[in-house]
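Trainee: I would like to take a close look at a single part of this model rather than tour the whole chain. Could you walk me through one strand pairing and its surroundings, with some care about how far the model can be trusted?

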Amino acid sequence: MRALLAALTCSFFLLPSSSDAATLRCGNALASDGASRSDVLIKCGEPMSKDSHTESVGEKTRQKGEEIETTQERVVYKTIEEWTYNFGPRQFMQVVVFENGRLVDVRSAGYGR
């Protein structure tokens, strides 16, 4: 039981926190949260592949007047791009996610080729 508790405690500290910033390391260069596509291209070069799609998200806004409250709904479109970098067979490939041209996430894929 003690060993299980120790293992769970250690694994908790190895999990990334939700506040971790998206960061991509390319040699000595770093591309971090909010970086533009051109900044990532300059630092990391062309990716192995690029995929893109558009998502629609509904937004509601409320406005209070003197006597009445109104709610407005509108649809906002986001362009999502995923670039895959292959850094070789001994490293994980990296999937870089852009939302409206800004870096928002980096996640590891399988080993490169």
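Mentor: Let me begin with confidence, since this is a predicted model: the mean pLDDT of the chain is 84, and 82% of its residues reach 70 or more. Residues 4-19 need separate treatment, because there pLDDT, the predictor's confidence in each residue, stays under 50, and the model has zero contacts for this stretch beyond four places in sequence.

The part I would choose is the hairpin that β5 and β6 form, with two residues between the strands. The two strands pair in the antiparallel sense over seven bridges, and one of the residues involved is F92, whose bridge partner in β6 is Y111. In the loop between β5 and β6 we find N100, which has a positive phi of about 50 degrees although it is not a glycine. Most residues other than glycine have a negative phi, and that is the background against which this turn deserves a second look. N100 is partly exposed, with a relative accessible area of 48%.

From the turn we can move to the nonpolar core, to which both β5 (92-99) and β6 (102-111) give two or more residues, as do β1 (23-26), α2 (37-44) and β4 (69-85). The largest such core has 13 residues, and L24, V40, Y85, V96 and L103 are those that touch the most other members. In soluble globular proteins, nonpolar side chains tend to be buried together. If residues up to four places away in sequence are set aside, V96 touches L24, E81, E82, W83, Y85, L103 and D105, a list that includes acidic residues as well as core members.

One of those contacts, E81, repays a closer reading. E81 lies in strand β4 and is buried, with a relative accessible area of 12%, where the cut-off for being buried is under 20%. Leaving out residues up to four places away in sequence, E81 touches R37, D51, S52, V96, V97 and F98. The C-alpha atoms of E81 and F98 are separated by 5.1 Å, although the two residues are 17 apart along the chain. As for polar partners of the E81 side chain, a polar contact of 2.4 Å joins it to the side chain of R37, and another, of 3.3 Å, joins it to the side chain of W83. Thus E81, a buried residue, has contacts with V96 and a side-chain polar contact with R37.

Technical notes:
Residues numbered from 1 in each chain as written. Predicted model: local features only at pLDDT ≥ 70, side-chain atom pairs only at ≥ 80, totals over all residues. Heavy atoms only, no water. pLDDT = per-residue confidence, 0-100. Contact = heavy atoms within 4.5 Å. Core = buried A, V, L, I, M, F, W, Y, C linked by side-chain atoms within 4.5 Å. Buried < 20%, exposed > 50% of the residue type's maximum accessible area, 1.4 Å probe, protein only. Helix = DSSP H or I, 4+ residues; strand = E, 2+ residues; numbered from the N terminus. Pairing = 2+ DSSP bridges. Polar contact = N/O pair within 3.5 Å; in protein donor to acceptor, adjacent residues only side chain to side chain.
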